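Grab a pencil and work through these exercises with the model open beside you. Try each task on your own before you read its solution.

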Amino acid sequence: MASYPPHSAGKSPDPPRRDSKWWGWGDPAVTPELDGPALETLRERIGELRPASTLPQLAGFDLPPAQELPRALVEAVGEENVFTNSEDRLRHATGRGYVDLARLRSGHLDAAPDAVLLPADAAEVKRVLELCATEGVAVVPFGGGTSVVGGVEPLRGDHDRLISLDLTRLRAVEVDQRSLTARLGAGLRGPEAEAALAKHGLVLGHYPQSFEYATIGGFAATRSAGQASSGYGRFDALVSSVRLIAPAGDLETLATPHTAAGPALRELVIGSEGIFGVIPDVAARVRPAPTQRRYEAWMAESFEAGAEVVRRLAQGPGLPDVIRISDEEETEVSLALSGPRGLAGSLFGGYLGLRRRRGGSLVIVGLEGEEEAVARRRAMSARELQRGGAVYLGQSAGRSWEHGRYQGPYLRDTLMGMGAMVETLETSHTWTELSRLHAAVGKAIHGSLDSQGTPGLVFCHLSHAYADGASLYFTFISRARGGAEVEQWRQVKQAACEAIVATGGTITHHHAVGRDHAPYMEAEVGRTGLEVLRAVKDELDPAGIMNPGKLLI
């Protein structure tokens, strides 16, 4: 079996990717620090934090012993493409949610894959799945490993052995410049896909917060939505055709702009989260790279006022590519943690006071495209924002957000090292019900934290807008219950999810279902809908080897 570095220099493929930035160990080279004012704000709001214990070393990590794989399975991809050392097993044992990192920091995991396999192409994927179905080996497809809902947790179900099927090597790019489509391999990370398209003067435009590490296959498997999805579209809207390699056979849709041929089988694949099979590649709609990007910030009078502006933009012609409205709590905390300091901070505060916008809601507006189109759309959005009472803060604040748009997970690592619990969750509803959903979820999270003796910060922003509604993205921070981090998290998560279900919102707008949201799927799709999905699972994966325990319970 292979180890890192590969023992056959020059002949072996790249080993599974290993990036400290997304590893959650608080790498000082990339993890942001909090200055004095920011720390004081946290102490005032959630109390004194007790730094977490020293992070465990990889060499001393406690993992269950690995089971030996069938020889035919090793031969299917080549011995040099099978990784069984502890580090690679560990790196494929969790996603990157709070509870994942809390378990990693404990130095012990109850489950890990027995091996990591790197197939070279779709043919090898197909052979691996056939052998695993015959031998009863569970398979967890693995892209960037960025799931925050337990989507890559190595649950075995009824199977004694489990592999992590790392799709790193599936990185082909085929561009149809005339049709403005591109077939992209599942193993391409977001920046890699964009770099390949940039050579043709094109862009995909899909930028979730996990963009640096998440993959094309992961985008498709989770129905991902990026920060610019209001303009470019969610990933499911970008996919023109898709292929699925299932244990029972292949499923592929036609590369056409539209078809009326019955229910869309594409929709069974997009969002299937690895429970039916493996997505080796997708054909996606692309567009010419923008010649101009304009990001700016405004301050609305309140969250409700800002949301009303976004509703009018979404129901008219002027919705920006990026539109985010932070509620008052998030705005206050964001400015305290990363706002201007010193004289600049005093001037900024004075300006807000002069414009009567202290305590308001921060609005981020982003526009991309040709210069003339950006100018026209910017005029429409600015007119609506001014009509709604928002005050212009300038482009520097917008560029600051753009520059730090992927920093959230790194700040979470910093706070966890300080002894804080930091978690996010998201949902969506119609405009009519959005305010009620916002209040209900915030109240549920606060109530759960208070009942555990760890009162905390709970804030939210509107992250994606549609003509009929919008999504809400919640963040909560509190003192961690040392030694009971997972139980603390579970209680808060359950309270929030129950509030979402009771209010009629979706259990997930873009984080997907995974393991964490699976208990609420019946509320999402109904009992009959759940049985339909189980029937599809039985047809495509009769041995039940694909990602057991995810999405369907």
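The exercises below use a predicted model, and each one comes with a worked solution.

**Exercise 1: an aromatic pair**

Task: Classify the ring pair formed by Y295 and W401, then find out where in the chain its two members sit.

Solution:
- Step 1. To describe a pair of aromatic rings, you use the distance of the centres and the angle of the planes.
- Step 2. A search of the whole structure turns up 6 aromatic pairs. In the one made by Y295 and W401, the centres are 6.0 Å apart and the planes make an angle of 25°.
- Step 3. Planes under 30 degrees apart count as stacked, so Y295 and W401 form a stacked pair.
- Step 4. Now place them: Y295 belongs to strand β12 (residues 292–300) and W401 to helix α15 (residues 395–403). With their positions 106 residues apart, the pair links distant parts of the chain.
- Step 5. Are the two residues buried or exposed? Buried means under 20% relative accessible area. Y295 has 1%, so it counts as buried, and W401 has 16%, so it counts as buried too.

While you're looking at rings, find Y207, F211, Y232 and Y406, which ring pairs join into a cluster. Then look at Y392: the charged end of R378 sits over its ring, 5.2 Å from the centre.

**Exercise 2: checking a helix**

Task: Compare the expected span of helix α17 (residues 431–451) with the distance between its end C-alpha atoms.

Solution:
- Step 1. The helix has 21 residues, and the rule is 1.5 Å a residue. The count to multiply by is one less than the number of residues.
- Step 2. That gives an expected span of 30 Å.
- Step 3. The end C-alpha atoms of α17 are 31 Å apart, which agrees with the expected span.
- Step 4. Which residues of α17 are buried? They are W431, L434, L437, H438, V441, G442, A444, I445, S448 and L449.
- Step 5. Here's a handy idea for reading that list: an α-helix has 3.6 residues a turn, so residues three or four places apart point the same way.
- Step 6. The buried residues of α17 pack against several elements, among them α11 (303–314), β16 (420–430) and α18 (485–503).
- Step 7. Just past the end of α17, G453 has a positive phi of about 75°.

**Exercise 3: the nonpolar cores**

Task: Find out which residues touch the most other members of the largest nonpolar core.

Solution:
- Step 1. This core has 55 residues, and W431, V441, I445 and L462 touch the most other members.
- Step 2. Helix α17 gives the most to this core, with 7 residues.
- Step 3. Zoom in on W431. If you skip neighbours within four places in sequence, its contacts include A307, V310, L462 and A470.
- Step 4. There is also a second, separate core of 36 residues, which includes L188, L202, F219 and A518.
- Step 5. Follow L202 next. It lies in strand β7 (residues 202–203) and is buried, with a relative accessible area of 3%.
- Step 6. L202 and R287 are 85 residues apart along the chain, yet their C-alpha atoms are separated by 5.5 Å. Beyond neighbours within four places in sequence, L202 contacts V175, Q177, L180, L197, V286, R287, P288 and A289.

**Exercise 4: putting a sheet in order**

Task: Work out the order of the 4 strands in the open sheet that contains β4, and say which strands stand at the edges.

Solution:
- Step 1. Start from β4 (residues 161–166). Strand β2 (residues 115–117) pairs with β4 in the parallel sense over 3 bridges, and A115 has I163 as its bridge partner.
- Step 2. Strand β3 (residues 137–142) also pairs with β4 in the parallel sense, over 6 bridges. Here V137 stands opposite R161.
- Step 3. β1 and β2 pair in the antiparallel sense over 2 bridges, with F83 opposite V116.
- Step 4. Put together, the order is β1-β2-β4-β3, and the pairing is mixed.
- Step 5. β1 (82–83) and β3 are the edge strands: each has a single partner strand, so one side of each is left without a neighbour in the sheet.
- Step 6. Why is β4 described as largely enclosed by the rest of the structure? Because 5 of its 6 residues are buried.

Definitions and conventions. Residues numbered from 1 in each chain as written. Predicted model: local features only at pLDDT ≥ 70, side-chain atom pairs only at ≥ 80, totals over all residues. Heavy atoms only, no water. Phe/Tyr/Trp six-rings, centres within 6.5 Å; stacked < 30°, edge-to-face > 60°. Buried < 20%, exposed > 50% of the residue type's maximum accessible area, 1.4 Å probe, protein only. Lys NZ or Arg CZ within 6 Å of the ring centre and 35° of its normal. Contact = heavy atoms within 4.5 Å. Core = buried A, V, L, I, M, F, W, Y, C linked by side-chain atoms within 4.5 Å. Pairing = 2+ DSSP bridges.
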